Amino acid sequence: MLVNNNSVIIRATKAQSTKEENLVNMMRLERDLLKLGFPFTTVDGNYQGSMEKSFLVVSGMAVDLRKSLIDLCQKYGQDSILYIHNDATTEFINMDGTSKFSGKFTEATQSLDHYNGWTVIGDKVYIINEI
């Protein structure tokens with residue numbers, strides 16, 4: 001799955017939850033995404049040294065995707081989602097709907113040690129280059 005439309009990276013795990021609780025929440029989130037009908041895939045990521053599984057959700061319908069995924073962010077008690085616009089600019093959208101543009105979602109060009117966070121999609125590694 002390529003990031004060429006409006007996309008969101010979302011997860012349903014929490015640091016304070018048990019491994020089992022996180023697994024159940026990720027399965028529930030997957031079920032919710034299937035019900036919504038948005039195409040998605042599982043991705044691996046790293047944020048500030050912590051490995052995490054997430055879902056990359058893709059849709060050409062930006063408004064529906066944004067609202068639906070903010071609702072899921074709230075349902076699963078997540079702080080934010082990463083919204084990737086079709087021009088690759090990224091926006092962290094908080095649970096309360098406020099947001100902050102953070103950079104461009106681009107393929108990594110250096111060793112991963114150089115980056116604060118990254119996401120693996122297929123056989124490529126992506127990072128956010130700050131604006």
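**Note on helix α1 and the salt bridges**

1. V24 is partly exposed, with a relative accessible area of 33%. This residue sits in helix α1. With L23 and M27, V24 makes a nonpolar surface patch of about 270 Å². Note that the model is a predicted one.

2. The overall layout comes next. The protein has 2 helices and 8 strands. Along the sequence they run β-α-β-β-α-β-β-β-β-β. Of its 131 residues, 40% count as buried. Among contacts with a separation of 6 or more, 50% join residues 24 or more positions apart. The exposed area is about 7700 Å², and 51% of it comes from carbon and sulfur atoms.

3. Helix α1 covers residues 19-36, 18 residues in total. From first C-alpha to last it reaches 26 Å, close to the expected 26 Å. Just after α1, G37 adopts a positive phi of about 85°.

4. Which residues of α1 are buried? They are N22, N25, M26, L29, D32 and L33. These residues lie on the same side of α1, because they cover an arc of only 120° around the axis. An α-helix has 3.6 residues a turn, so residues three or four places apart point the same way. The face turned away from the buried side carries exposed residues: E20, L23, L34 and K35. L23 thus appears both on that face and in the nonpolar patch.

5. The salt bridges number 6. One of them joins the side chains of D32 and K75, at 2.9 Å from N to O. D32 belongs to helix α1 and K75 to helix α2 (residues 62-75), so the pair ties together parts that are 43 residues apart in sequence. The two ends differ in cover: D32 is buried at 9% relative accessible area, whereas K75 is exposed at 52%.

6. R66 and E91 also meet through their side chains in a salt bridge, 3.1 Å from N to O. R66 lies in helix α2 and E91 in strand β5 (residues 89-94), so this pair ties together parts 25 residues apart in sequence. E91 is buried, with a relative accessible area of 3%. R66, at 25%, counts as partly exposed.

7. K124 and E107 form a salt bridge whose closest N and O atoms are 3.9 Å apart. The cut-off is within 4 Å. K124 is in strand β8 (residues 124-130) and E107 in strand β6 (residues 99-107), so the pair ties together parts 17 residues apart in sequence. K124 is partly exposed at 33%. E107 is partly exposed at 42%.

How values were computed. Residues are numbered from 1 along each chain as its sequence is written. This is a predicted model: local features need pLDDT of at least 70, side-chain atom pairs count only at pLDDT 80 or more; totals for chains, interfaces and linings use all residues. Side-chain values use heavy atoms; hydrogens and water are left out. Helices (H or I, at least four residues) and strands (E, at least two) are DSSP runs, numbered from the N terminus. The expected span of a helix is 1.5 Å times one less than its number of residues. Buried means under 20% relative accessible area, exposed over 50%, partly exposed in between (1.4 Å probe, protein chains only). The arc is that of the directions from the helix axis to the C-beta atoms. Contact means heavy atoms within 4.5 Å. Accessible areas come from the Shrake-Rupley method with a 1.4 Å probe; for residues, only the protein chains shown count as cover. Patches are made of residues with over 30% relative accessible area and no salt bridge: like charges are joined within 9 Å, nonpolar side chains (Val, Leu, Ile, Met, Phe, Trp, Tyr) within 5 Å.
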